[in-house]
Amino acid sequence: MLDGSRRAGLVRAWGAGLCLCAGLAQANNGINQIGFGTESALMAGADAAMARDTAALNTNPAGLAHTKGGRVDVYAGAAYFMDAAHGDSLGNDRQVSNRVVPVAGLGLAQRLGGSPVVAAAGVFVQGGAGADFRDLRTPFGNRDDLSSLFGVGKLMAGLSWEVTQTLSLGVAVSRVMAAAEQRIFPQTSSAAPQFFGVAIDDLQASRTAFRLGAQYQVSPTLRLGAVFANRVALPLEDGTARVNLGAVGLGTVTYRNARVGGFGLPREISLGAAWQATETTLLSVKVSRLGWSRALGDSVTQLSDPDNPFAPATIQQVQSVTARDRTMIAVGVKHDLSDRFSAYAGFNHMKQPIDAATLSPTLAIIGEKHLTLGGVSRFGANHQIAAGVEYLFPSKVTYSNPQVPLGSNLTGRMEYLAAHFMYSYLW
């Protein structure tokens, strides 16, 4: 049985380990993808004034008004991490084991009769990926695993209304769903210094969100767009935790109720413009203000209902995470090479939102600069195929976080190449 001092030590030591797995890693604009749907992605997210396929549900729902009859879009993609590594003074320099991260989406839109209203529904992978480090050196003289896998998806439905020939308004409502699991040196248990590894599975969250949008055709060559989306808190609940208390004679204790708070999607305010510079070339820009300071905050973890009466009945830990609001800038170009083929390119930039002092190996959101390139081919009046690539320029951060028990001079690196593909059928 643990005495009072050992119980307090358990909470402190376990909480220090938890900082390693605050839950997010290897994302794009924070934990969001830079774009949704291939046209959005290939213009690097410069989509507020350009949105016009079913992915407009998740970019600017006013763009659904461009649907003349109906359409189905099937999207798939994957990112390959050429470099996604953690280094520290213990001698670790490890790449993640999950170097390929897939994404997908599906959307359907239909104009309601001859009305000015278009209805749509879709499912999208919003973002988040996570890091899975295997066989790391630990401060306890052994090797163990460290991972945090986190994903966010959306089920969405929305409407767009052509108020006039130049003004369209849109609204989308979504059910945001998140899932996570964590491994914090689960095979490690030490009485002095005191540390007890943990594994948490089946964490889930589900919340409702909305997105409002407008597009206004100022002239035949200039269209403006605006978007507002609310902040969505995603408290992760209903998980199960296994704490390794072998060093104090209790073996592995299962806590049947695990909760982790402090994560969410940010409030978004976006403005954009699309300019038809020539008959064949269109330029698009978007500026977004993303409220990460309220979306990502202190991580509050609670474990309760252990299966061993001699273990602590509850464990609660508050871990500091500091995020800052960021401005994202995206610029894209579309050039029509023929009636049947258009080329796309774009550039996206946003500073990483997490303060370096609260980073950890699995909370290293350091990707900032993205370049995209691709094209769309049209086959007859009903079929389109879009494909392209996205490159995240190499990023590196060196940081010091005393809450992370992996020594000093911690580093994180990230570089990836992603592929995007979408098939569209229009009628």
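1. The largest pocket of this predicted model has a lining of 23 residues, and those nearest its centre are Glu39, Arg52, Arg71, Gln384 and Leu426. The space in this pocket comes to about 470 Å³. By class, its lining holds 7 nonpolar, 8 polar and 8 charged residues.

2. Several elements supply at least two residues each to the lining of the largest pocket. One of them is a helix, H2 (38-42). The strands that do so are E1 (70-87), E18 (326-336), E19 (341-349), E20 (369-379), E21 (383-399) and E22 (410-426).

3. The second largest pocket has about 160 Å³ of space. Its lining includes Ala62, Ala65, His66 and Lys68, along with Glu162, Gln165, Thr166 and Ser168. Gln215, Tyr216, Gln217 and Arg223 also line the second largest pocket. Strand E8 (residues 194-219) provides the largest share of this lining, 3 residues. The division by class is 3 nonpolar, 6 polar and 3 charged.

4. Turning to enclosed space, the model has 8 cavities of 30 Å³ or more. The second largest cavity contains about 160 Å³. It is lined by 15 residues, with Asn32, Gln33, Phe36, Glu268 and Lys286 the closest to its centre. Strand E15 (residues 281-290) gives the most to the lining of the second largest cavity, namely 3 residues. That lining is made up of 4 nonpolar, 7 polar and 4 charged residues.

5. The largest nonpolar core consists of 64 residues. Within this core, the residues with the most contacts are Phe150, Leu234, Leu236, Leu245, Tyr255 and Trp292. E8 contributes the largest share of the core, 7 residues. Apart from this core there is another, of 12 residues, including Ala51, Ala56, Leu64 and Ala120.

6. Leu236 is a convenient residue to inspect on screen. Leaving aside residues up to four places away in sequence, Leu236 touches Phe150, Ala178, Ala180, Leu203 and Gln204, among others. The remaining contacts of Leu236 are with Ala205, Ala258, Arg259, Val260 and Phe263. Phe150 is thus a contact of Leu236 and is also listed with Leu236 among the residues that have the most contacts inside the largest core.

7. Next, the backbone. Ala192 and Pro193 are joined by a cis peptide bond, with omega about -5 degrees. Pro193 sits in the loop between strand E7 (167-191) and E8. E8 is the strand that gives the largest share of the second largest pocket's lining and of the largest nonpolar core.

8. Phe185 is not a glycine, yet its phi is positive, at about 45 degrees. Phe185 belongs to strand E7. Is Phe185 buried or exposed? Its relative accessibility is 0%, so Phe185 counts as buried, the cut-off being under 20%.

9. Asp305 also has a positive phi without being a glycine, here about 60 degrees. Asp305 lies in strand E16 (residues 299-306). The relative accessible area of Asp305 is 41%, so this residue is partly exposed. Partly exposed covers the range between the buried limit of 20% and the exposed limit of 50%.

Notes. Residues are numbered from 1 along each chain as its sequence is written. This is a predicted model: local features need pLDDT of at least 70, side-chain atom pairs count only at pLDDT 80 or more; totals for chains, interfaces and linings use all residues. Side-chain values use heavy atoms; hydrogens and water are left out. On a 1 Å grid over the protein atoms alone, a cavity is a set of points where a 1.4 Å probe fits but cannot get out, and a pocket is an open set with protein on both sides within 12 Å along at least five of seven lines; lining residues have an atom within 4 Å of a point. Grid points are joined across faces, edges and corners, and a volume is the space filled by probe spheres set on the points. Helices (H or I, at least four residues) and strands (E, at least two) are DSSP runs, numbered from the N terminus. Ala, Val, Leu, Ile, Met, Phe, Trp, Tyr, Cys and Pro count as nonpolar, Asp, Glu, Lys and Arg as charged, and the others, Gly among them, as polar. A nonpolar core is a set of buried Ala, Val, Leu, Ile, Met, Phe, Trp, Tyr and Cys residues joined through side-chain atoms within 4.5 Å. Buried means under 20% relative accessible area, exposed over 50%, partly exposed in between (1.4 Å probe, protein chains only). Contact means heavy atoms within 4.5 Å.
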